Amino acid sequence: MTMNAAGGRRKPPTIHDVAREAGVSRGTVSRVLNGGHYVSPAAQEAVNAAIRRTGYVVNRHARSLITGRSDSIGFLLTEPQEKLFEDPNFNVLLRCCTQALAAHDIPLLLMLAGTQDERRRITRYITAGHVDGVLLVSSHSADPVAEQLHEAGVPLVQCGKPMGRGSKVSYVAADDRDGARDMVRHLLSLGRRRIGVVNGPMDTPGGVDRLAGYKEVLTEAGLGIDERLIVSGDWGRASGEAGAERLLAQAPEMDAVFVASDLMAQGVLAALQRAGRRVPQDVAVGGFDDSPAALASTPELTTIRQPWDRISAEMVRVLLAQIGGEDPAAVILPTELVKREST
C-alpha cells in the first residue's frame, strides 16, 4: 500500500504501482491479470512477484466490466436443502471444489434449488451472467436445469453422467458400475450367495449403474437375479433402514447386502441389529462412497471409495477449460474397494 499526501491512511496499491515495481508496462500487467496471453515467462514472473510485494488485489468488479465475466463459479445443488447437511458427500464435494478454485483465485457461490420455483429463479440468475460457469451436482433425469443452461450457452460440468439428454453436457463421474461389480465380487469371495441390494433412485446415474453392476456379477456367477433381493432407497439413512426391513421380510435367508451409499448402509446396519442379525457373521454389508459415514458406522463399513478430490479437481479443470473456449468433455474415474469390519 502507499501513503496519501497527508501521510494518513494507506491507499490500496494500483495496477500502476505493480507495473512500476515490476519494471513493465501497465498493459503487460493487465495481460497477466487476464490470463497471461502474449506475456513472456520472465515478465509474468516479475509481475507476480510485484503483486506479492505490493499486496495488490484485483478489483473484480472493474475487471468484469472490461472482460464481461463475473470471475465466479456457481455450485448448484438441485436437491432439497436438508440433503446438503444430511449427505456428507455433498459437503466433501463442495469443500474440494472450493479448494480447487481457490488455486485460481476464483470464488465459489453455493446455490440450492430443491424445488421447481427455486430452479427457475436460479436458472434466471445464472443465465443473466452472474457466474461464468456452473458445477452441477445431483441432477435427476427429470431435472431440466442442465439442458436449460446448456441451451443458454452457460459453461457447465455435471457431477455424474447425464441421463436422458441428447445434448452434449460435460461431466465427471466415478465408475459406478465397476465399483458395484467390485463390491459384489468381494461379497461372493466370502462365500455369500444370497446377496441383496439396497439401491439408489433409478432416475439417477448412480442408481442405474450400481444396480447394473450388481446384476452383471450375479449373472456371471450363475446365480441369477432374484427380484425379492432388490429394493431401492433415496440415498438417505431412513430409506436404507426401510429397505433392509423389506429385504428381511422378502428374503430372510439373505446373507449379504450391497448398499448403494454409505448413508443408506447406516440405516441397513440399524435394521439388521434390531432384527438380531450379526454383522458380518450373519449378514455381510458393503457400502458405496467411502464417506465419513463409513467410519462413523458400527461396525466400520467395507465400501467403494469415490475419489472426491480427483472428481472435484477434474470438474474445475473441465469447467475452466470450457470457459476458455474448449469443447465439452467427459471424464470417468476409477473407484477402489476398501475393506473394513462389516464384511
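**Figure 1. Gly 74 and its partner across two parallel strands.** Gly 74 stands opposite Val 134 in β5. The close-up, like the others here, shows a predicted model. Strand β3, made of residues 73-77, pairs with strand β5, residues 133-137, in the parallel sense, and five bridges link the two. Helix α6, residues 88-102, lies across β3, β4, β5 and β6 (156-159). Follow this helix against β3 and you will find that α6 runs at about 175 degrees to that strand.

**Figure 2. The open sheet of six strands.** Here we step back to see where β3 and β5 belong: the strand order is β4-β3-β5-β6-β7-β13, and the pairing is parallel. The edges are taken by β4 (108-112) and β13 (330-333); each has a single partner strand, so one side of each is left without a neighbour in the sheet. On average, and ignoring direction, neighbouring strands of this sheet are turned by 20 degrees against each other.

**Figure 3. Asp 105, in the loop that leads from α6 to β4.** Asp 105 is found in the loop between α6 and β4. Its backbone deserves a friendly second look: phi of Asp 105 is near 60 degrees, a positive value in a residue other than glycine. With a relative accessible area of 52%, Asp 105 is exposed, because the cut-off for that class is over 50%. Asp 71 makes a useful landmark in this view: the C-alpha atoms of Asp 105 and Asp 71 are separated by 8.8 Å, while the two residues are 34 residues apart along the chain.

**Figure 4. Strand β8, mostly covered.** β8 spans residues 195-199, and five of its five residues are buried. In a regular strand, side chains alternate between the two faces of the sheet. In β8, Ile 195, Val 197 and Asn 199 point one way, Gly 196 and Val 198 point the other way, and all are buried.

**Figure 5. The two parallel partners of β8 shown in close-up.** β8 pairs with β10 in the parallel sense over four bridges, and in this pairing Val 197 stands opposite Phe 258 in β10. β8 also pairs in the parallel sense with strand β9 (residues 230-232), over three bridges. Here Val 198 stands opposite Val 231 in β9. To get from β8 to β9 the chain passes through helix α10 (residues 205-220), and this β-α-β crossover is right-handed.

**Figure 6. An aromatic pair with an arginine over one ring.** A search of the whole structure finds one aromatic pair. Phe 258 and Phe 288 form this tilted pair, with 6.4 Å from centre to centre and 55 degrees between the planes. Phe 258 lies in strand β10 (residues 256-259), whereas Phe 288 lies in the loop between β11 (284-286) and α13 (292-296), so the pair ties together parts that are 30 residues apart in sequence. Phe 258 counts as buried, at 0% relative accessibility. Phe 288 is buried too, with a relative accessible area of 0%. Look also for Arg 210, which lies over the face of Phe 288 at 3.8 Å from the ring centre.

**Figure 7. Trp 235, a buried loop residue with positive phi.** Past β9, the chain enters the loop between β9 and α11 (237-250), where Trp 235 is found. Trp 235 has a positive phi of about 85 degrees although it is not a glycine. Its relative accessible area is 16%, so Trp 235 falls in the buried class, which takes values under 20%.

**Figure 8. Cis peptide bonds before Pro 280 and Pro 299.** Val 279 and Pro 280 are joined by a cis peptide bond, with omega of about 10 degrees. Pro 280 lies in the loop between α12 (262-274) and β11. The peptide bond from Thr 298 to Pro 299 is also cis, and its omega is near -5 degrees. Pro 299, for its part, is found in the loop between α13 and β12 (303-305).

Notes: Residues numbered from 1 in each chain as written. Predicted model: local features only at pLDDT ≥ 70, side-chain atom pairs only at ≥ 80, totals over all residues. Heavy atoms only, no water. Pairing = 2+ DSSP bridges. Axes fitted to C-alpha atoms, helices over the stretch in contact; angles between N-to-C directions. Contact = heavy atoms within 4.5 Å. Phe/Tyr/Trp six-rings, centres within 6.5 Å; stacked < 30°, edge-to-face > 60°. Buried < 20%, exposed > 50% of the residue type's maximum accessible area, 1.4 Å probe, protein only. Lys NZ or Arg CZ within 6 Å of the ring centre and 35° of its normal. Right-handed = clockwise from strand over helix to strand, strands pointing away.
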